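Colleague: Got a minute to go through this model with me? I'd like to start with how the copies sit together.

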Number of protein chains: 2
Amino acid sequence: MDMLWNGWGDPAKAAPLPDTVTGLLRDLLGVKPHTTPAPALEDIRLPEPTADPAALKSLAEAVGGADHVRTDAESRIRHTRGKSTPDLLRLRTGDVSDVPQAVVLPASHDEVLTVLKTCAAHGLAVVPFGGGTSVVGGLAPERRAFVALDLRRMNGVLDLDPVSRTAVLQPGLRAPEAEALLAERGFTLGHFPQSFEWATIGGFAAARSSGQASAGYGRFDEMVLGLTLATPEGTIETGRAPRSAAGPDLRQLILGSEGAFGVITSVTVRIRPLPEARIYEGWRFASFEEGAAALRRLAQDGPRPTVLRLSDETETLIGLAQPDAIGAGLARSDAGCQAIAGYEGTAEETAQRREQAAAVLRAAGGTLLGAEPGERWAHGRYSAPYLRDALLDAGAFAETLETAAFWSRIPALYAAVRTALTDTLTETGTPPLVMCHISHVYENGASLYFTVVSAQGEDAVAHWTRAKHAANDAVLAAGGTISHHHGVGTDHRDWYVKEAGELGIEALRAVKRRLDPEGLLNPGVLLPTD
Amino acid sequence: MDMLWNGWGDPAKAAPLPDTVTGLLRDLLGVKPHTTPAPALEDIRLPEPTADPAALKSLAEAVGGADHVRTDAESRIRHTRGKSTPDLLRLRTGDVSDVPQAVVLPASHDEVLTVLKTCAAHGLAVVPFGGGTSVVGGLAPERRAFVALDLRRMNGVLDLDPVSRTAVLQPGLRAPEAEALLAERGFTLGHFPQSFEWATIGGFAAARSSGQASAGYGRFDEMVLGLTLATPEGTIETGRAPRSAAGPDLRQLILGSEGAFGVITSVTVRIRPLPEARIYEGWRFASFEEGAAALRRLAQDGPRPTVLRLSDETETLIGLAQPDAIGAGLARSDAGCQAIAGYEGTAEETAQRREQAAAVLRAAGGTLLGAEPGERWAHGRYSAPYLRDALLDAGAFAETLETAAFWSRIPALYAAVRTALTDTLTETGTPPLVMCHISHVYENGASLYFTVVSAQGEDAVAHWTRAKHAANDAVLAAGGTISHHHGVGTDHRDWYVKEAGELGIEALRAVKRRLDPEGLLNPGVLLPTD
């Protein structure tokens, strides 16, 4: 099944907006319904392809036939950009300026190597394409002719070692299929990001994804034990041991490289036994500060839940369908801040860990709300992007951004980003709704994930771009990283350059020049083009 | 205090050989006492320095005066190579061919930058020098004039953030001093490698050290949250958050770079509260295989002890002072394999974890031996290198090597390395004693640490070099990494090149050329020179 071409996910799962939200949009945010309908897929007019027919013929030979080189309009449109809100809004106005020349579907590592050589010979850039779920411009290279390298045919489990608890996965394997194949053998990967239904193993590795159960299972980059990378200059194979002192960790050079150094063609991951028990519970804290301190205690001293997240006051009210309390300045609600703590594992270990974590949360001021909020969260854990579609349909703007920092910087970072978003989005007269949660915790810090809802206004993309740039500036000024788990892409690139520093970027450019001397791979994503 | 110039550590801690070992050396290994005494420090004749006096003058200006540029014979000899057995044997025959031109002692990051520029101007190579404890040729650059950059003046704690539990440490800080300074504030780093008494923070980072409590506190590279690197081309600063999706992890490019990319001038580490309780206990397993399976269960399913190690049959007998049982083919001993499990933390958590881990070990066939073996291990945890000095004095040869692999490869790797060492060292007629332990465990694999004792023979260095090369070949053939925690150096470099692969090495050479275009930094260590 394909995703909605100009929205998120499975069209059958489209969710109507709750009445409370419709009221909020109208009364608090001044959202006005669209007056012109968005174009249908078949109405989109594509720019003429400029690729040499000989190039397409060679590519077809490289991947086992013309069936695997798609040049039809629908395939090309479905590989145009990713799933950020500006990406979707542009498609909804018929802007397909980032469309690939063709979609190429290789079936093996060797086919990928041949595709890269063929593209080099014909001057075509290459954008590796997994689930297409990037929300940071990871699939929109700087303007030049390119092909989308869709890895969906490389979607198998190549090996599973139950003694070492490792599995070798192909990059085009989507997360649900990976979980299903591992479950047949009694294992799980434990990686459940919001993009779970659509995103792929290769994409998780290329963009350093982090899932909702990262407190228990770790980030994706922590699960990776080995990688194979196909580059225009050949192959890099990494990972002979879980840890090594043999030089710099090449795995960590490939992780996060976003297709700029090569195409990830296999990923060796750690796997864990399927949990016997899963418990998710809600907690209430009086304030975000109090809740964050409680999360920090568990992250630092344990025991560590498998899922641990905390919504700020505004997000809590929206989640509880009390958005009218926001208009009243929060005074009408005593909802405080809601946290979710989840535990997965063997029945005995889970019960013990839950009891001990609950004691810590209670001592830190938490009130147990029981299983209902936890189950509600688990049920809706992948639904936010569907809700975004409904908001966009209703004429509202909705987008997210995220960062991470050391614990001591979290309060100032939270305030700075909220202020930046609120100030810039209020400039045009419509105050936004800014919500935040902590969804990933570490001994030394945490992530902050912001959701913004506002009116679309005259030019929603330009409006948001200003706000996003201000938020990026605020993140760096407050000591945060430009991305905790969305990645760099073209959207974060210029701030990433500041974060990594001139010489750090130069070191990475040196790697890119060696592996991709003609600059074919995802040009302008991650690193500025020369 | 300085280390013994041609041996290990504090001369006052020199340990005489136990009688049982003396008997073993004579009867089992055919060790003969030396007939010629090793030269004294003052008898060593150094090659004439070739460095331009103008270079030394500029260096003195760079580091605040001539006091901090040492050219006396003792300083130069004390910075000649590291502490591998071949290093020590060469010194004991008066071979100082790897002596630096001078020892330069900078006091700050900026001084390091200036030293690098000065050395570039004068064509001098630079070998960063922390504790001088490398056992893999990490301080012996390919032959050309070089200065040792001794970082001992940069030995402070620059910052400590008790909320985030982070500390910024200078590279020349030795581990005991780091622990003492952190303990004043109630914290520990938890990094206790065998080199603990002498090694430095910068060295731990540069060579990816791993300590004896790695099961609980993690490897050193897992403790590092940020790094500052001084290179001939400027500075790289990393680490704005515990984890990030902002591109490749530059920290992991610097960790393990062994001075080849730059000089680490500060390290931000995670710190933990000082433990209230420390319990170390001994366990007995019938075989190495049974013990390894027990360790794997704890590593994979928990609860994880803080210290977890297992000696094979031979190492167990030596540790129990029953070496005569080895000569009798192990048949006279029912010692089996001894394991140590240690627990550190709060009193309550430690007691609970110990109880649960003990249940797992018992279910896996283990017999608890009580606290005595654990305390004995803890008491002697840094003493093996002192024992090596005594063995060398007695005319024996003793050296170690280590590797790591995924669990399923461990049995074949263990057998292959033992066979390689035994076969090559028996060639000259003297069968060696080969012992092994597992001292670092992960969910997906473990380390193997081998100790070899044999007669020195006619040319002990050449003898060992053959055995070591055979062991390196065996490690790679059996799927292990060429080093789990000693590093690459010149000793492992050619096997490291095979492990990382041609293109992986080329990527790292591209980084080196960008950061160190004149190839000043530790030439030939880590990467082959151009």
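Modeller: Sure. This is a predicted model. A turn of 180° and a shift of 0.0 Å along the axis lay chain A on chain B, with an RMSD of 0.0 Å.

Colleague: What relates the two copies, then?

Modeller: They are related as by a two-fold rotation axis.

Colleague: Which residue of chain A comes closest to the rotation axis?

Modeller: That is A510(A). Its C-alpha is at 2.7 Å from the axis.

Colleague: On to the contact itself. How many residues of chain A are in contact with chain B?

Modeller: 68 residues of chain A, and they contact 68 residues of chain B. Several elements of chain A each supply at least two residues of the side that touches chain B. Among them are β8 (224-231), β9 (234-238) and β16 (396-406). The helices α10 (250-254), α19 (493-500) and α20 (502-515) are also on that list.

Colleague: Where does the largest share come from?

Modeller: From α20(A), with ten residues.

Colleague: And how does that side divide into nonpolar, polar and charged?

Modeller: On the side of chain A that touches chain B, 28 residues are nonpolar, 25 polar and 15 charged.

Colleague: Why do you say the copies meet through the same surface?

Modeller: Because 100% of the interface residues of chain A are also interface residues in chain B.

Colleague: Now the fold. How many helices and strands are there in chain A?

Modeller: Chain A has 20 helices and 18 strands. Its radius of gyration is 23 Å, close to the 24 Å that the globule rule gives for 530 residues, so chain A is as compact as a globular protein of that length. The C-alpha atoms fill a box of roughly 65 × 60 × 45 Å along the principal axes.

Colleague: What share of chain A is buried?

Modeller: Buried residues make up 58% of the 530. As for contacts in chain A with a separation of 6 or more, 74% join residues 24 or more positions apart.

Colleague: Different topic: W5(B). Where is it placed?

Modeller: W5(B) lies in the segment before α1 (19-27) of chain B.

Colleague: Which residues does W5(B) touch, leaving out those up to four places away in sequence?

Modeller: L41(B), I77(B) and R78(B).

Colleague: Why does W5(B) count as partly exposed?

Modeller: W5(B) has 15 other C-beta atoms within 10 Å. Buried would take 20 or more, and exposed 12 or fewer, so W5(B) falls in between.

Colleague: Last one. How far apart are W5(B) and R418(B)?

Modeller: 413 residues in sequence, and 31 Å in space from C-alpha to C-alpha.

Definitions and conventions
Residues are numbered from 1 along each chain as its sequence is written. Chains are lettered from A and ligands numbered from 1 in the order in which they are written. This is a predicted model: local features need pLDDT of at least 70, side-chain atom pairs count only at pLDDT 80 or more; totals for chains, interfaces and linings use all residues. Two residues are in contact if their C-beta atoms, placed from the backbone, lie within 7 Å. Helices (H or I, at least four residues) and strands (E, at least two) are DSSP runs, numbered from the N terminus. Ala, Val, Leu, Ile, Met, Phe, Trp, Tyr, Cys and Pro count as nonpolar, Asp, Glu, Lys and Arg as charged, and the others, Gly among them, as polar. Copies are superposed by least squares on the C-alpha atoms of residues with pLDDT of at least 70 in both. The radius of gyration is taken over C-alpha atoms; the globule rule is 2.2 Å times the number of residues to the power 0.38.
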